[in-house]
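This report goes through selected features of a structure, one topic at a time. Please keep the sequence and the 3D view at hand while reading.

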Amino acid sequence: MYKIVEKEHFSENVVKLIVEAPMIAQSRRPGHFVIVRTGEGGERIPLTISAADTVKGTITLVVQAIGESTRKICALEIGDCFTDIVGPLGQATHIENVGTVVCCGGGVGVAPLLPIIKAMKEAGNRVVSILAARTSDLIILEKEVSEYSDEVIIMTDDGSKGQKGLVTAGVESVINREKVDLVVAIGPAVMMKFVSLTTKKYDIPTMVSLNTIMVDGTGMCGACRVTVDGKTKFVCIDGPEFDAHKVDFDEMIMRLRAYN
Amino acid sequence: KERTSIPRVVMPQLPADFRVKSNHEVNQGLSQGQAVLEASRCLDCPDPQCIQGCPVSINIPSFIKNIERGEILTAAKILKHTSALPAVCGRVCPQEKQCESRCIYNKMKKQPVAIGYLERFAADFERENIKANNIELRPSATEKNGMDIAVVGSGPAGLSFAGDMIKKGYNVTVYEALHEIGGVLKYGIPEFRLPNIVVEAEIDGLRAEGVNFVKDCIIGKTISYEQLHELGYDGIFVASGAGLPRFMGIPGENYIGIMSANEYLTRINLMGAGRPGEDTPVLKGNRVAVIGGGNTAMDSVRTALRQGSQKAMIVYRRSLEEMPARVEEVHHAQEEGVEFMTLCNPIEYIADEKGRVKAMRVQRMELGEPDASGRRSPVPVEGAVEEIEVDLVIVSVGVSPNPLIPNAIPQLEVSRRGTIVVNEDSMQSSIYDIYAGGDIVRGGATVILAMGDGRRAAAAMDAELRKQR
Ligand SMILES: Cc1cc2nc3c(=O)[nH]c(=O)nc-3n(C[C@H](O)[C@H](O)[C@H](O)COP(=O)(O)OP(=O)(O)OC[C@H]3O[C@@H](n4cnc5c(N)ncnc54)[C@H](O)[C@@H]3O)c2cc1C
Ligand SMILES: Cc1cc2nc3c(=O)[nH]c(=O)nc-3n(C[C@H](O)[C@H](O)[C@H](O)COP(=O)(O)OP(=O)(O)OC[C@H]3O[C@@H](n4cnc5c(N)ncnc54)[C@H](O)[C@@H]3O)c2cc1C
Ligand code: SF4
Ligand code: SF4
Ligand code: FES
Ligand SMILES: [Mg+2]
């Protein structure tokens, strides 16, 4: 069960795993995530489904090792199994033809962004994708993203690939040159916060996918709660996607440090 | 006369100072001698009121008299006629409000027969007997009728329903969202009150009967209602519980160190947080405040003591008398050194520069007129606000029905509170093949009520499906 059938290293700390999970592969939609557990003492870790193959009955996960549990996941090899995978969780992305969509992925956030890029393109949108990372080695899924984007802009902090600068500079350059109807940003909380602040200036609708700390992922514990428009929301059942301009990012960033 | 002069048995329990340093079950269970003597107190009343007090009408004098005669396995069998989980109910039922509250002894101004302790004794005896004699559990010899039933959720409602339906000859599959079977019995109620082996034994019994369990599977997400039909299910029982924790909506409630009782208990009970070999972390506090006065609050505050906190407080807006928790748990908590701040209501939390809670402001309350629940409602005492140092706060002010199923099946009729609407006799919902019971219908009740719902739904669904065969 939940056997890993393919593994690829995107960078030193980012791996792609293709896992057998036929029921989930069939019912998932862009924007959904799963919760996985490795080993009997394993923690429940949320990961976005970045692709699925209903024929083979597999889902694709892209994982960045940042702590104990994600390191364990990244150490799994072909033939190994996850102890548990449950999903698909969360609300699926609302896909619509709105015109021009700018999709910003920061670091490993490009993985959860990919199915949205694909769906937005298939819905008839013009899609401009911006991939951002610290340095060139950390830019992932460029080829896959290009396949479904009208244009791909690469931004690196150190200028080692694409343009030098932060993702916000990339977003602003597109906004200044053409009419943008929707921005989707997925990546580290700080990155989403700054994209949100940027697009707010131009009053462009913006959607983010929040990666809060979770336990059950079914609405039972409230660990994942965030303040959206002044109200407490549970990311696992009300999200993970929200209107960026209404999210209290500072509170979310604070809560991510609960176990540091 | 002689019978009535015997004092009520005292449950052997671990000493408070020892038990707060361990996770062992506090109540150690009666010895056979104690049980037989206690059983002899029962007067086998001609019109036993105790039965009226039990939500599932267990034949109480009959099982007790079998204990008195030393026929413990017969006693256990009588319990199983009505209750699917006697070892659980004997431990967690609010007996003082149910069966024992109606015992004739109360009229004599004496302590009631310890029905719950005896129920637990008989059920434990049977379980230990099975284990000690390596008795192989085998399915009851019911002929299979070829019909398939799906159960959503593996808490007490789902388990009791599954147990009844498998015995009636159906193929039964229980789907559970979490990675463990048992619902609140596993993730909520702690080991020191309800050991997992007790729950496991019940689940093993159902497995032996042929019930199929599928974990990590969310109905409405992993498998849709339509897909259940494609899979050939003839009936569906929804027992998805009251999952959603409520918060109070007061300033600062999202600071680090403030969490729901569900989160706290799940991290520790389901995920084993803090034990070697377990990856899930949990915050530890030295000064812990638990907001609320129910069983969940008692479980949380006593868990906090066992996690090593120096000061563990219950903050409750009414008085001790109105507390909904089982009386025994309140006593145990008091023995263990829990502080009870009654007539207090938090109004704001204060954090340090990192966003970690460091204090709470509480409003003193007094009791006013009785409210809708019949309890005197708390009203703020003007100006009586104080600040208390805390570094961990567990919010236990109630839960709402789990919205997963109502969200996934929009045609299903739900109440304004979010509970699934059913016919009270049959537990049938507005959709002909969906029955429901337990907390998803009642919005937060008890194990025995959930279990009783499961049984009633099984009887009604069986009657309906017989017509179709
Ligand atoms: C809906 C959702 C989808 C996600 N999808 C993906 C995905 O596709 N790929 C992926 O690699 N990760 C994803 N994440 C994040 C992933 O779940 C966390 O990285 C993981 O839980 C960290 O666990 P750990 O034990 O390895 O690290 P920890 O030791 O728990 O944390 C290490 C550091 O990371 C920070 N941190 C903790 N939790 C999170 C978090 N949830 N997000 C960001 N930082 C965190 C902590 O502050 C700490 O500094 C997702 C999270 C959510 C909620
Ligand atoms: C900490 C605590 C202490 C308590 N103490 C007592 C006590 O002492 N005495 C007492 O009588 N009662 C007590 N209760 C209340 C009692 O536990 C509940 O009333 C009872 O468990 C309800 O049973 P249930 O079967 O309806 O649901 P639950 O036990 O809540 O089980 C529901 C299960 O369904 C699963 N589920 C939900 N949605 C889906 C889905 N879509 N697909 C698959 N699975 C799903 C959930 O994960 C869960 O495991 C306590 C409750 C708590 C939380
Ligand atoms: S099930 Fe509960 S209420 Fe009924 S007899 Fe047993 S302890 Fe009493
Ligand atoms: S009311 Fe009390 S004494 Fe009478 S049958 Fe019930 S338990 Fe026995
Ligand atoms: S993760 Fe528990 S409620 Fe969202
Ligand atoms: Mg971790």
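Is A:Arg177 buried, partly exposed or exposed? A:Arg177 is partly exposed, because its relative accessible area is 44%, which falls between the 20% and 50% limits. The model discussed here is a predicted one.

## Salt bridges in chain A

Side chains of opposite charge can pair when their charged atoms come close. Counted over all chains, the structure holds 51 salt bridges.

One of them joins the side chains of A:Arg177 and A:Glu178, with 2.8 Å from N to O. A:Arg177 is partly exposed, whereas A:Glu178 counts as buried at 19% relative accessibility. The limit for buried is under 20%, so A:Glu178 with its 19% falls in that class.

Another salt bridge is formed by the side chains of A:Glu8 and A:Lys16, at 3.7 Å from N to O. Here A:Glu8 counts as partly exposed, with 38% relative accessibility. Its partner A:Lys16 is buried, with a relative accessible area of 15%.

## Salt bridges in chain B

In chain B, the side chains of B:Arg466 and B:Asp462 meet in a salt bridge of 3.1 Å, N to O. Both residues belong to helix H19 of chain B, which covers residues 447–468. B:Arg466 and B:Asp462 are four residues apart, or about one turn of the helix. B:Arg466 counts as partly exposed at 48% relative accessibility, while B:Asp462 counts as buried at 7%.

Chain B also has a network of salt bridges that share partners. The arginines joined in this network are B:Arg19, B:Arg193, B:Arg302, B:Arg306 and B:Arg326. The acidic residues in the network are B:Asp299, B:Glu328, B:Glu329, B:Glu335 and B:Glu336.

## Annotated regions of chain A

An unreviewed UniProt entry gives the annotation "domain: FAD-binding FR-type" for residues 1–95 of chain A. Over these residues the chain is 14% helix and 42% strand. The C-alpha atoms at the two ends of residues 1–95 are 32 Å apart.

Under "binding site", UniProt (unreviewed entry) lists A:Val62, A:Val63 and A:Gln64. A:Val63 lies in strand E6 of chain A, which covers residues 58–64. How buried is A:Val63? The relative accessible area of A:Val63 is 1%, so A:Val63 is buried.

## A nonpolar surface patch

On the surface, A:Val190, A:Phe194 and A:Leu197 form a nonpolar patch. Together these three residues have about 260 Å² of accessible area. A:Val190 lies in helix H6 of chain A, residues 189–201. With a relative accessible area of 44%, A:Val190 is partly exposed. A residue needs over 30% to be part of a patch, and A:Val190 has 44%.

## Surroundings of two ligands

Which residues surround ligand 4? The cysteines are B:Cys42, B:Cys45, B:Cys50 and B:Cys103. The other residues around ligand 4 are B:Leu43, B:Pro48, B:Pro61, B:Ile104, B:Val113 and B:Ile115. This shell divides into 10 nonpolar residues, no polar and no charged.

The shell around ligand 3 includes B:Cys54, B:Cys89, B:Cys93 and B:Cys99. B:Pro55, B:Ile58, B:Ile60, B:Ile115 and B:Ile448 are also around ligand 3, as are B:Gln95, B:Gln98 and B:Glu119. How many residues of each kind make up the shell around ligand 3? There are nine nonpolar, two polar and one charged. B:Ile115 is listed for ligand 3 and also for ligand 4.

Key. Residues numbered from 1 in each chain as written. Chains lettered and ligands numbered in written order. Predicted model: local features only at pLDDT ≥ 70, side-chain atom pairs only at ≥ 80, totals over all residues. Heavy atoms only, no water. Near = heavy atom within 4 Å. Nonpolar A, V, L, I, M, F, W, Y, C, P; charged D, E, K, R; others polar. Patch = residues over 30% accessible without salt bridge, like charges linked within 9 Å, V, L, I, M, F, W, Y side chains within 5 Å. Areas by Shrake-Rupley, 256 points an atom, 1.4 Å probe, with all protein chains shown as cover. Salt bridge = Lys/Arg side-chain N within 4 Å of Asp/Glu carboxyl O. Buried < 20%, exposed > 50% of the residue type's maximum accessible area, 1.4 Å probe, protein only. UniProt positions renumbered as here; feature names shortened; annotations may be inferred.
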